[in-house]
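Me: Please take a close look at one single part of this model, describing how it is packed against its neighbours, and then set it in the context of the whole chain. I would like the cut-off behind each term stated as you go.

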Amino acid sequence: MESRYNPTAIEEKWQKTWAEQGIDLTPTETDKPKFYALSMFPYPSGNLHMGHVRNYTITDAIARVHRMQGDRVLHPMGWDAFGLPAENAAIKNQTHPAKWTYNNIAQMRSELKRLGLSYDWNCELATCSPDYYKWTQWIFLQFFQAGLAYQKEAAVNWDPIDQTVLANEQVDSEGRSWRSGAIVEKKNLRQWFLKITDYAEELLKDLDKLTGWPERVKLMQANWIGKSVGAYLEFPIVGMDEKIGVFTTRPDTVYGVTYVVLAPEHPLTPKVTTSERQEAVETFIKEVANQSELERTAEDKPKRGIPTGGKAINPFTGEEIPIWIADYVLFEYGTGAVMGVPAHDTRDFKFANEQNLPIKVVITPPNPPVHGGGQEKQNSLPAGGEGWGGVPLTEAYTDPGIMVNSGDFNGKNSTEGKQAIIEYAEQKGFGKARVQYRLRDWLISRQRYWGAPIPVIHCPNCGIVPVPDRDLPVQLPENVEFTGRGASPLAQLESWVNVPCPSCGTPAKRETDTMDTFIDSSWYYLRFCDAQNDGKVFDSAKTNDWMPVDQYVGGIEHAILHLLYSRFFTKVLRDRGLLNFDEPFQRLLTQGMVQGLTYTNPNKSGNAKYIPSNLVNPNDPKDPETGEPLEISYQTMSKSKYNGVAPEQVINKYGADTARMFILFKAPPEKDLEWDEADVEGQFRFLNRVWRLVGDFASNQSSAKLDQSKIQNPKSKIEKDLRRAIHTAIKEITDDLGSDYQFNTAISELMKLSNALTDTDSKNSAIYTEGIHTLILMLAPFAPHIAEELWQMIGNSESVHKASWPKCDSAALVADEITLVIQINGKTRGTIEVANTSDKNTLEKYARESEAAQRYLEGKEIKKAIVVPGRNLVNFVVG
């Protein structure tokens, strides 16, 4: 055997051997239970970071355990490879996005292989490959045929200098283009959408099926879908035939409406604006157009608005009320208009006070306070005016209560009043019950090159014509220029744009938009089940066999969009007859972030405040430029904070197995992990101890084979204790690797077993051999290379990763003897071993006769003996 543990040599050797043997290939037989283990696939940015290492190591350990437990396992890897960074790199480096992307994939693939991850590389896919996006386009056409893909006018970010559409991430916090620096404008363009709103209710309801998901992720999705139950009400516009439609969850407050607000971009805004107000309104609309949605809806920002001069009629009271526009109302949400009820809505109350708009109380508490015997006001109140009993309103009253100032509904409980108001509105024809969702249809158009082309053709005669299946994929042309200015490179390539209509042959034009990259990642887990199928998107029998994913692992940042879109795709493809299940991911683990030691100078701002650790003396952390003391904290690793640790650096120094062990041991998988070199060293030392332990065993044993007949009934106490330690480890580690994946405590149990084997005086027994075998087997999912080497070292020819997971012998856990603790006046004075069948009287007798009791009780009177069998304790109370 090698005298010392040399991780580099061992890891290279076994990675090569495993690849040659195809040890990680997905089984084709279906005679065992299936387990689909999946990490969220990465964007090929060029190098792995520690966040990747954590995600993939967690999933790999899970996959390896399930293989050893007898499951057939699918554990694939691929690349989320379309997207803006590749296009930006093309502009910056004058290289093609495909070349940049595939170079990065090659780099990251080699780094992944160094970690010893048990991927079936035959399943590998890249979303930018034509043999993948052919099927992305095919799926788009399934949506189109189902009436779930459509085009409409929508507001986009427009760079007036570069004359191009920008994604939200290309607009900075000041509303400027990241490239040209121009103030970004809002511009309406025809865009493609997917009708996710058709599935809003099912997406919400089926969250209850996801018992293996973190509650906070389900809550985030529920809030994003945002179901509201209420009423749709129409307010006629004075002097016009048109009406303003609003949605409200509080129809019981409709008699308190004192104004309505339109979104500045609402099509009715120019119609209701009077000539006197036109200039002010147009100026305000331009100002609002420069604000992001986030700025407009932020709770802590003042709400800005101006009157249009137009008036509407509250159909319940017949009163004329002013029509305003305000920045906090968005046309894309709800109806693009809201009714203002300042007495009973916090935002409306604040807005009405700022704009001196009337406030009318229509709900009072069930038992409102009475002050000075004053009678409740029955009229509209000025801003900041009175509530009930003559008391000035200091805030909106938003709780249920009793309806007042509400005509025939006065005296009604407001909760009952909601339904009564809706019924009345339906009878009169100016409203109806409605369920509304915050969820909007998914805008998938991108005016960029590096994405899957939307496979439709625009014909002057036939309209929108899907590209026939036989002509898929619509491939990205290679002869394009990347300038970053003007229209998308595709739109500028006339030879690609101009094609005959597939239906009538008339000269027509291709769609030049590409798809949002979230489309690619919304179905990739289905393709992995049948990744090499040239003739179909996938064989439904294979995909239905493997799906749903049993364990999905990825970051919390994907809790809403990616996971919601994937659920949506699954349901649509189910309804198209391709799938027979409702949800894609049975269990979800959102791993915590990896944090690094971070030095910051609080007197500096921006990226300048972060100081690279290699410039800092850790014993006296000061800014090398200014000499100012630095603050020390743990923050999520990133290049901008100079606190990252390159996986390659750790692997070169300690080996992949040590990196894996540290990542799994340092913190529970869902918690943030603080990187600490000392703890990495600790895991390296542990693996070295295991190496020496097994090496000594292999050197000193004539046979390292496990003889089952000799381990069932150990005779000596030493052997019994050792076997109990072995099977306690099996039980605890198996439990830890169950549904909660507590890898940190599982590795702690491995350490305990290693210590028990090191400390035992029974190194020549069959029980010791069982312990060595068990230690290696249970180390294998965490540190696969060293486990494989040690397994072969003790005489096994087949891979440890094909061996069976150890089973706990419950009989071995039962101790023949127990340790009895002897206390005098509550202080422990000694312990003795006694039979585990001893009753209370026997325990007291043993305790009295023990050497400890004799020594400490001599010459003292025992006032009381307290025997606690459950805690194996006897306490003597003496004077």
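Reply: In describing a pair of axes, an angle under 35 degrees counts as roughly parallel, one over 145 as roughly antiparallel, one from 65 to 115 as roughly perpendicular, and the rest as oblique. The model is a predicted one, in which local features need pLDDT of at least 70 and side-chain atom pairs count only at pLDDT 80 or more, while totals for chains, interfaces and linings use all residues. Residues are numbered from 1 along each chain as its sequence is written, and side-chain values use heavy atoms, with hydrogens and water left out.

The part I have chosen is helix α23, residues 766–779, where helices (H or I, at least four residues) and strands (E, at least two) are DSSP runs numbered from the N terminus. Helix α21, residues 717–736, packs against α23 at an angle of about 20 degrees, with the two axes 9 Å apart; axes here are lines fitted to C-alpha atoms, for helices over the stretch in contact, and angles run from 0 to 180 degrees between N-to-C directions. α21 and α23 are therefore roughly parallel to each other. The crossing of α21 past α23 is left-handed, a term that applies if the near helix is turned anticlockwise from the far one by less than a right angle, with right-handed used if it is clockwise.

On the α21 side of this pair stand Glu719, Leu722, Arg723, Ile726, His727, Ala729, Ile730 and Ile733, which meet Ile767, Tyr768, Glu770, Gly771, Thr774 and Met778 of α23, contact meaning heavy atoms within 4.5 Å. Divided by class, the residues of the contact of α21 with α23 are eight nonpolar, three polar and three charged; in this scheme Ala, Val, Leu, Ile, Met, Phe, Trp, Tyr, Cys and Pro count as nonpolar, Asp, Glu, Lys and Arg as charged, and the others, Gly among them, as polar.

Helix α23 also packs with helix α20, residues 677–700, and here the axes come within 11 Å and cross at roughly 140 degrees. The passage of α20 past α23 is again a left-handed crossing. From α20, Leu687, Val690, Leu693, Val694 and Phe697 make the contact, and from α23 the partners are Tyr768, Thr769, Ile772, Leu775, Ile776 and Leu779. The classes in the contact of α20 with α23 are 10 nonpolar, one polar and no charged residues. Tyr768 of α23 is listed in the contact with α21 and also in the contact with α20.

Following the chain on from α21, one reaches Tyr741, which lies in the loop between α21 and α22 (743–759). The phi angle of Tyr741 is near 50 degrees, a positive value in a residue other than glycine. Tyr741 counts as buried because its relative accessibility is 5%, buried meaning under 20% relative accessible area, exposed over 50% and partly exposed in between, with a 1.4 Å probe and protein chains only. Elsewhere, Asn405, in the loop between β15 (402–403) and α12 (414–428), likewise has a positive phi near 50 degrees and is buried, with a relative accessible area of 9%.

Turning to the wider setting, a nonpolar core is a set of buried Ala, Val, Leu, Ile, Met, Phe, Trp, Tyr and Cys residues joined through side-chain atoms within 4.5 Å. The largest such core has 179 residues, of which Tyr36, Tyr524, Tyr525, Phe568, Phe569 and Trp675 touch the most other members. Setting aside neighbours within four places in sequence, Trp675 is in contact with Met50, Val594, Gln595, Tyr634, Met637, Val645, Val650, Phe662, Ile663 and Val680. Another core, of 35 residues, lies apart from the largest one and includes Val341, Met403, Phe409 and Ile422.

Further along the sequence, Ser850 sits in the loop between α26 (840–849) and α27 (851–857) and is buried, with a relative accessible area of 5%. Not counting residues up to four places away in sequence, Ser850 touches Ile822 and Ile832, and its C-alpha is 7.4 Å from that of Ile832 although 18 residues separate the two in sequence.

For the protein overall, there are 27 helices and 33 strands, and 52% of the 879 residues are buried. Among contacts between residues at least 6 apart in sequence, 71% join residues at least 24 apart.
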